[in-house]
Amino acid sequence: MGTLIVLGALALFVFIFALSGFKIVQQAEVMVIERLGKYSRTLHSGINIIWPIIDKPRNITWRYVVEGMDDRKHIRFKQKSKIDLRETVYDFPRQNVITKDNVSVQINAILYFQIMDPVKAIYEIENLPDAIEKLTQTTLRNVIGELELDESLSSRDTINTKLRTILDEATNKWGVKINRVELQDINPPEDIKEAMEKQMRAERDRRAAVLEAEGQKRAKILEAEGFRESEIKKAEGEKQSEILKAEGQAQARIKTAEAEAKAIKLVSEAIEEKSGNPINYLIATKYIETLQEMVTGKDNKTVYIPFEATGVLGSLGGIKEMFKQ
């Protein structure tokens, strides 16, 4: 009976001993195995077999965020044998940072990183999460310390890129790749916030006043341009009207002169056929027309007596003689 108990216990021990040699590693995880305290190999996803007692997995420190009873988040560090190769997110708490112009601001950042070499992550640094957190804090202070407050508020992309570059280079020795760094909030003190709000309000008022003034200026310019165009068009119309009127008058005078020349020619030919002097006839005709125009008028009571009446009578006599012939 006692022998059976011993054999059963031995079989159970052998079963447990053999079972402890099986290691199941999940996808995207690895396990670092040490043999007698020295690195032996890295187990990848699937079923793996190790020698119990002499082969042991090497634990890594990992960072967890847990919610407490007061609904506040608390950070805990635990030891685990499996190393997660997936991208991990660390949300660091707010920290005070002083800018180049001596303004204290609170900044919290999110870090996305991934373990690329699990052996380095275990053997090159003692506490990887704590080292990444401290390195991020000091790098953030250095980067923000080189910028003034306005630059730090308006250059988040630049700060993120600079932080990622510096952290990625620094953690490369630990087998870690920093994929992305994001600044969540940059909170300056309340008095600085009030001053910035006043400044932004004054800037908006200034822009509104400038836009209103520019609008009024533009309206006046358009009004002046419209008035100028109107005056130009009006002057051009008057000019064209005067030109057309002058051309009409000139053409009328040309036509009149042509008709008069034609009439004189006909009269001269008729008088010359009767051996008369057409000049006397024309002078007498013009003289009579001039006298008629001088005495024409509704209230004209003036009597005109030709100074050289004999000349006129002579002309009239010439006309008389001409018709007698």
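## Aromatic rings in a predicted model

Y90 and F113 are both buried. This model is predicted. The report looks at its aromatic rings.

A search of the whole structure turns up four aromatic pairs. A pair of aromatic rings is described by the distance of the centres and the angle of the planes. Two of the pairs are described here, and F113 belongs to each.

W62 and F113 form a tilted pair. Their centres are 6.5 Å apart, with 50 degrees between the planes. This pair links distant parts of the chain. W62 is in strand β6 (residues 60–67). F113 is in strand β11 (residues 104–115). The two are 51 residues apart. Both W62 and F113 are buried.

How do the rings of Y90 and F113 meet, and why is the pair given that name? Their planes lie at 65 degrees, and over 60 counts as edge-to-face, so the pair is edge-to-face. The ring centres are 4.8 Å apart. This pair, too, links distant parts of the chain. Y90 sits in strand β9 (residues 88–91), and F113 in strand β11. They are 23 residues apart.

Which residues form one aromatic cluster? The members are W62, Y90, F92 and F113.

Next come lysines over rings.

| Lysine | Ring | Distance to ring centre |
|---|---|---|
| K78 | Y64 | 5.6 Å |
| K80 | W62 | 4.7 Å |

The charged end of K78 sits over the ring of Y64. K80 lies over the face of W62. W62 therefore has two roles in this account: it pairs with F113, and its face has K80 over it, which counts as a charge over a ring within 6 Å of the centre.

Technical notes: Residues numbered from 1 in each chain as written. Predicted model: local features only at pLDDT ≥ 70, side-chain atom pairs only at ≥ 80, totals over all residues. Heavy atoms only, no water. Phe/Tyr/Trp six-rings, centres within 6.5 Å; stacked < 30°, edge-to-face > 60°. Helix = DSSP H or I, 4+ residues; strand = E, 2+ residues; numbered from the N terminus. Buried < 20%, exposed > 50% of the residue type's maximum accessible area, 1.4 Å probe, protein only. Lys NZ or Arg CZ within 6 Å of the ring centre and 35° of its normal.
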